[in-house]
Amino acid sequence: MTPSRHPVAEVLRERAASGSRADGNRVALVLEGGGMRGVVSAGMTAGIERLGLSGCFDLVVGSSAGALNAAALLAGVAGPAAAAYHGPLASREFINPARLLVGRPALDVRFVLAMASTDLDQDRHERTLNSDSPLHTVALDVDTAETVEFTGMRTKEELWDVLLATTRMPWVGGDPVQIGGRRFLDGALVCPIPIDTAFSNGATHVLALQTRPYGVPRSTGSRVAERLIARRLARLNPDLVPLWHGRVAAYEALVADIARRSEHPEGAPFVLGLRPPAGTPVVAQLERRSAVLLRAATDAQQLVEDELGSSLVTR
């Protein structure tokens, strides 16, 4: 496959070749999540890491599971973090819908953050905090129904709070996360692919890692789940309900804008969206089958290596 000649791909290759970011550009990496579908952007970051492009970004922006993947990339463990999706994360310790029956969250993101192994060491959180490329993430303020951006975290505790906030899916994730006396929910409710956050921070070039394949629109859940979540949000703040009901249309408009910018790079800010090709199976939000997750991660990594230049791969 011929590597992309898009301006975003070109500036990344030039930075990798020169070993410098002193080119007058401001390059951002933006990651979509989607629960266990975040395995796709995790696999993509593994490809970025393997290509030696991790240090080519001036800022890294993630929402929901995309924020977890962003933190892993900045810590230098994108590969092991992608592998964790089809390993420890595919277990009932992390994801167990049956817990909802006893009033406990189905997803336990603290399990992910506390996980430690030879490849995913606990010191990775410190490396995320000390990275030359700052982590930016977003969450939904429950009381104002507005997006809040978080960056500049100084301690592991602050980092964990922010990552818990941006991944706190309503109902299945548990109660809102409190930070500084405010309550927060999953950033993907309002910023599933937070390219606007990259723009507001001066990005001239944005690489957006998307987790839904071409031709696959965002859809709602079951009628029962939709009603349950809407009721839960209404109790928290009635202004959240229109955001919930309007999330599909807002997402499709965002994806269309990324596609337009990717296909017609007429001027800064340039945006290149990478997503699985049409016909690729969609990973479910609560997927636990290891084989499905392994294939998704492997294919996503190969996609990035093909698009950004296999000649850069360090063997």
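1. How many ångströms should the 14 residues of α9 span at 1.5 Å a residue? The expected figure is 20 Å, and the end C-alpha atoms of α9 are 20 Å apart, so the two agree. Bear in mind as you read on that this is a predicted model.

2. Stay with α9 for a moment, since its two sides are worth a look. A225, E226, I229, A230 and L233 are buried in this helix. They cover an arc of only 130° around the axis, which means they sit on the same side of α9. An α-helix has 3.6 residues a turn, so residues three or four places apart point the same way. Over on the other side of α9, you'll find R223, R231 and R235, which are exposed.

3. What does the buried side of α9 lean on? Its buried residues pack against β6 (182-185), α10 and α11 (247-263).

4. Next, have a look at P242, which belongs to helix α10, running over residues 240-245. Is P242 buried or exposed? P242 is exposed, because its relative accessible area is 54% and the cut-off for exposed is over 50%. From P242 to A230 you count 12 residues in sequence, while their C-alpha atoms are 9.0 Å apart in space. A230, remember, is one of the buried residues of α9.

5. Now for the open spaces. The largest pocket has a volume of about 600 Å³. It has 32 lining residues, and those nearest its centre are M169, R218, W244, R247 and Q285. Helix α9 (residues 223-236) turns up again here: it gives the most to the lining of this pocket, with 3 residues. By type, the pocket lining splits into 15 nonpolar, 10 polar and 7 charged residues.

6. There are closed spaces too: the structure holds 2 cavities of 30 Å³ or more. The largest cavity comes to about 220 Å³ in volume. It is lined by 18 residues, with L68, A72, A81, V112 and R124 the closest to its centre. Two or more lining residues come from each of α3 (65-74), α4 (78-85), α5 (109-114) and α6 (124-129). Of the elements, α3 gives the most, with 4 residues. The lining of this largest cavity is made up of 14 nonpolar, 3 polar and 1 charged residue.

7. The second largest cavity has a volume of about 120 Å³. Among its 13 lining residues, G35, A65, L68, F94 and V109 lie nearest the centre. You may recognise L68, which is also listed among the residues closest to the centre of the largest cavity. The lining of the second largest cavity has 9 nonpolar and 4 polar residues, with no charged ones.

8. Finally, try helix α12, which takes in residues 290-308. With 19 residues, α12 reaches 27 Å from its first C-alpha to its last, close to the 27 Å expected at 1.5 Å a residue. Which residues of α12 are buried? They are L293, A296, A297, A300, L303, V304, E305, E307 and L308. The cover over these buried residues includes α1 (7-18), α2 (39-50), α4, β7 (205-209) and β8 (270-274). Of these, α4 also contributes to the lining of the largest cavity. Just past the end of α12, G309 takes a positive phi of about 120°.

Notes. Residues are numbered from 1 along each chain as its sequence is written. This is a predicted model: local features need pLDDT of at least 70, side-chain atom pairs count only at pLDDT 80 or more; totals for chains, interfaces and linings use all residues. Side-chain values use heavy atoms; hydrogens and water are left out. On a 1 Å grid over the protein atoms alone, a cavity is a set of points where a 1.4 Å probe fits but cannot get out, and a pocket is an open set with protein on both sides within 12 Å along at least five of seven lines; lining residues have an atom within 4 Å of a point. Grid points are joined across faces, edges and corners, and a volume is the space filled by probe spheres set on the points. Ala, Val, Leu, Ile, Met, Phe, Trp, Tyr, Cys and Pro count as nonpolar, Asp, Glu, Lys and Arg as charged, and the others, Gly among them, as polar. Buried means under 20% relative accessible area, exposed over 50%, partly exposed in between (1.4 Å probe, protein chains only). The expected span of a helix is 1.5 Å times one less than its number of residues. Contact means heavy atoms within 4.5 Å. The arc is that of the directions from the helix axis to the C-beta atoms.
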